[in-house]
Amino acid sequence: MKSIFKSTLIVSLSIFASRVLGLVRDIVIATLFGASGLTDAFFVAFRIPNLLRRIFAEGAFSSAFTPAFAKKLKRSTYEAKLFAESFFAVLLVSLLLTLFLGELIAPFIVKVVAPGLPEIYLDITIKLLREMFPYIFFVSLVAFYGGILNGFEHFFAPAISTALFNLAIILSAIFLSKKLSVGALAVGVLAGGVLQVLLQLIFLKRFNFLIKPRFKITEDVKRTLKNIIPGIFGFAVRQFSMLIDTVLASFLKAGAISYLYYANRFVQLPLGMFAVGLSQVLLPRLAKKSNEKKNHYKELTTGLLLCSAIIIPASVGLIFFGKPIVDLVFNHGKFTEEALNETYLVLVGYSFGLFFFSIEKIVTNAYYSLDEYKFPVKVSAYTLLFNLFINVIFCFLLGFGVVGLALGTSLTSFLNVLILCYKLEKKGDLIKRVFLMFFNYFVLSIPVAFISFIGTKLYFLSSSFSSKLIVVLATLLIAVISYFIVLILKRDKFILILK
């Protein structure tokens, strides 16, 4: 239990540090560039290597390489090293081919991803994409080296590396933006990727596990590559869902893509801190109990309860207190009042689905723990079509604009959770439990809504930055304390689990 708690704490704190620096990064970008065609160009260009990172690096290694390497390491360090070196050779060849192809067809990629992008920003987007595409090479090495370190039960370097990445972009934007304009961000992306790789190598050296490629594909490597395929498809479908938002937003007014990006940053903070961290911890626990149906189900529902108890009040807080937070964080420099209002409305749209985004991650890992990879992928593929359909309706036919994209994504996640829960527990008990949890913690979050509403009124009556900051901190603190008092008075299961 101690190792699980320690690992979870390390991952959560590292994610928190990364998210905070990510917010600082976005504050710097918003202050220096605002929400404009230039920022749209950067976010479109960066989304491509970032998309590939999530599909191939995160998806592949989390689903296949890391557990395979850990099993080898348990037998012998020598056997694990041979396996890692053989896999490394395949990875290097794949990355070099991907890099060459990406640089070659960059104009085509931009036109597919953002077909509605104004002609004036097309060339700079292509240029930025070509400059940042090598990031996929560096970040894939980070994922590979990180998988090895996780096999040694070292979690700090892989988890904290994203913080270095964000720091590199911040410094590059501050010191190079006047000379390079938005190109400074591309420099920061590449510098951040290099720093991430160097950090992993430093810790690998401590374990005396620096490796070189071994160009011999063993049966174990072939088996692992085969197991990667469902993971790649699963992550690809989820990321293409985000890509749909970008494509549709490119047909809206300038700044729409940026509104989606800025709002998503706030949603990712509780999602990354709690849902992702908890799902990572739950996966091995669920896998160990995969042959014990009763205990497996108990472990899953406990995880869902913990997630619900944190995520639902966070969602309520973002809905009722999101505007002051967006204003405090982003409303500086070239960030306009229109950008503030649009970003907040998009944030509300995403906040409605935050609970389902979180539950989806945990339930999907429950499938993986049972060695079931295909069904979650099929569900994601079908709901992807629904996402496209509902986004077009909300965005264009009903005239919701960019807010409709966020609402469509939230509704799609709800449908995904519904199908996954039904299939996992065919009696329907899991669906019932999930919705009872939702209703329970929504009711318990009413004080959070009331305090957040009052806090919003007080915030916009304040004039100075210091007074606004005090209102934000006081509102958040009072809301959290009030929520936990309600939980204690009710003697909620969440408090009992913590004890």
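**Notebook: surface patches, cysteines and two residue pairs**

I looked up Lys361 first and found this residue partly exposed, because its relative accessible area is 34%. The model I am reading is a predicted one. Lys361 sits in helix α13, which covers residues 354–369. I then took the C-alpha to C-alpha distance from Lys361 to Asp371: 16 Å in space, for a separation of 10 residues in sequence.

**Charge on the surface**

Which lysines gather in a patch of positive charge on the surface? I noted Lys226, Lys374, Lys378 and Lys423. I followed up on Lys374 from this group. Lys374 belongs to helix α14, and that helix runs over residues 374–397. Is Lys374 buried or exposed? I put Lys374 down as exposed, because its relative accessibility is 62% and the cut-off for exposed is over 50%.

**Nonpolar surface**

I also looked for nonpolar side chains on the surface. Phe251, Leu388, Val392, Phe396, Leu397, Leu398 and Phe400 make a nonpolar surface patch, and its area is about 670 Å². I checked where Leu398, one of these residues, is placed. Leu398 is in the loop that lies between α14 and α15, the latter being residues 402–424. I entered Leu398 as partly exposed, because its relative accessibility comes to 48%.

**Cysteines**

How many disulfides does the structure hold? I recorded 0 disulfides. Cys421 is accordingly in no disulfide, and the nearest cysteine sulfur to that of Cys421 belongs to Cys307, 11 Å away. For a disulfide, the two sulfur atoms would have to be within 2.5 Å. I then looked at how covered Cys421 is. Cys421 counts as buried, because its relative accessibility is 1%. I did the same for Cys395 and found 4% relative accessibility, so Cys395 counts as buried. The cut-off I used for buried is under 20% relative accessible area.

**Val182**

Where does Val182 lie? I found Val182 in the loop between α7 (156–180) and α8 (183–206). Val182 has 2% relative accessibility, so I entered this loop residue as buried. Last, I looked up the pair Val182 and Val329. Their C-alpha atoms are 20 Å apart in space, and 147 residues separate Val182 from Val329 in sequence.

Methods
Residues numbered from 1 in each chain as written. Predicted model: local features only at pLDDT ≥ 70, side-chain atom pairs only at ≥ 80, totals over all residues. Heavy atoms only, no water. Patch = residues over 30% accessible without salt bridge, like charges linked within 9 Å, V, L, I, M, F, W, Y side chains within 5 Å. Areas by Shrake-Rupley, 256 points an atom, 1.4 Å probe, with all protein chains shown as cover. Salt bridge = Lys/Arg side-chain N within 4 Å of Asp/Glu carboxyl O. Lys, Arg positive; Asp, Glu negative; His and termini not counted. Charge placed at Lys NZ, Arg CZ, Asp CG, Glu CD. Helix = DSSP H or I, 4+ residues; strand = E, 2+ residues; numbered from the N terminus. Buried < 20%, exposed > 50% of the residue type's maximum accessible area, 1.4 Å probe, protein only.
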